[in-house]
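This report looks at the salt bridges of one protein chain and at how accessible the paired side chains are.

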Amino acid sequence: WELNGSFYQPSSFLMMGIPGLEALHHWISIPFCALYFIALLGNSMILFIIKKTQSLHEPMYYFLSMLAVTDLGLVLCTLPTTLGVFWFNMRRIGFDACLTQMYFIHILSFIESSVLLAMAFDRFIAISHPLRHSSILTKTTVMKIGLVIVLRGMVSLLPIPFLLKRLTYCRKIELSHSFCFHPDIMNLACADIKVNVFYGMIILLSTVGMDFIFIVLSYVLIIKTVIGLATKEECLKALNTCVSHICAVLVFFIPMIGLSMIHRFGKNVPPLVNTVVAYTYLVIPPALNPIIYSIKSSQIREALLRALRRKTV
């Protein structure tokens, strides 16, 4: 297509379920439905509890609310197409609809990364400067941080759909997943994709990559502060407040880094591995985050029990 100067842009793409297991899609949809249900219910419950409980109106829980909203957004972005493929074999998605889904998936992923960084900063301030914590992270400051996080994700990813629309595509229109992902769409093009690869890599490193580095740096400083505490009990108490956040960071970043590496360098990786990592990245964190915080946060757990008791009465 490039040689004769023609331009071809498909009207739609075909999404994939789990390669080699198409006959079992109805059964495979059961754990997916369970994970989506847990994610929707759990994150909605987190938001409800934080809103209704005055004692939880603190920076840590404001950031947790942002994380819950982001997870709900990720679930709602991927749920229709994933269950559509598993239940009804609805594989076709329009070109523009695919770019729109891709844009929001990547925005929400970048926002989640930034929120996790903000939560790490909150833990650092709470442990290193406990007396100044409320004066540094005021409600207005938290709102400004949230606005900057959203704007950074929207602006940095805005060129991506336009970079994809300028490409000419081959006749192969089959995606690797049941959702639209930038490297996946980009690799279907017959044109030169160096600009897309370069821009995608720069944006990924300057946003998610920097977020991860600063999260690690925050915990280095937190550990340094904790080591200086007087007693072992104080050290353990301080570190215990970070356990849930550390789990959320690992659950989000490990599959995200794995998926990025597979799409860019894993040409010989089996399709099943690619698919499993992709679903782990987009489905597991929204389902696990509310469970992690409900188990580790006594305030949320107690507020949840109070809400259930009132409901029972």
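## Salt bridges and accessibility

Glutamate 174 has a relative accessibility of 34% and therefore counts as partly exposed. In this predicted model, glutamate 174 is joined in a salt bridge to arginine 91, with 2.5 Å between the closest N and O atoms. The pair connects distant parts of the chain, 83 residues apart, since glutamate 174 lies in the loop between α6 (159-165) and α7 (182-186), while arginine 91 lies in the loop between α2 (59-88) and β2 (92-94). Arginine 91, at 24% relative accessibility, is likewise classed as partly exposed, because buried would require a value under 20%.

A search of the whole structure gives 4 salt bridges, among them the pairs tabulated here.

| Acidic residue | Basic residue | Closest N and O atoms |
|---|---|---|
| glutamate 174 | arginine 91 | 2.5 Å |
| aspartate 211 | arginine 152 | 2.7 Å |
| aspartate 122 | arginine 123 | 3.0 Å |

The salt bridge between aspartate 211 and arginine 152 also links distant parts of the chain, with aspartate 211 in helix α8 (residues 194-227) and arginine 152 in helix α5 (residues 139-157), 59 residues apart. Aspartate 211 has a relative accessible area of 2% and so is buried, whereas arginine 152, at 28% relative accessibility, counts as partly exposed.

For the salt bridge that arginine 123 forms with aspartate 122, both arginine 123 and aspartate 122 are buried.

Technical notes
Residues are numbered from 1 along each chain as its sequence is written. This is a predicted model: local features need pLDDT of at least 70, side-chain atom pairs count only at pLDDT 80 or more; totals for chains, interfaces and linings use all residues. Side-chain values use heavy atoms; hydrogens and water are left out. A salt bridge is a side-chain nitrogen of Lys or Arg within 4 Å of a carboxyl oxygen of Asp or Glu. Helices (H or I, at least four residues) and strands (E, at least two) are DSSP runs, numbered from the N terminus. Buried means under 20% relative accessible area, exposed over 50%, partly exposed in between (1.4 Å probe, protein chains only).
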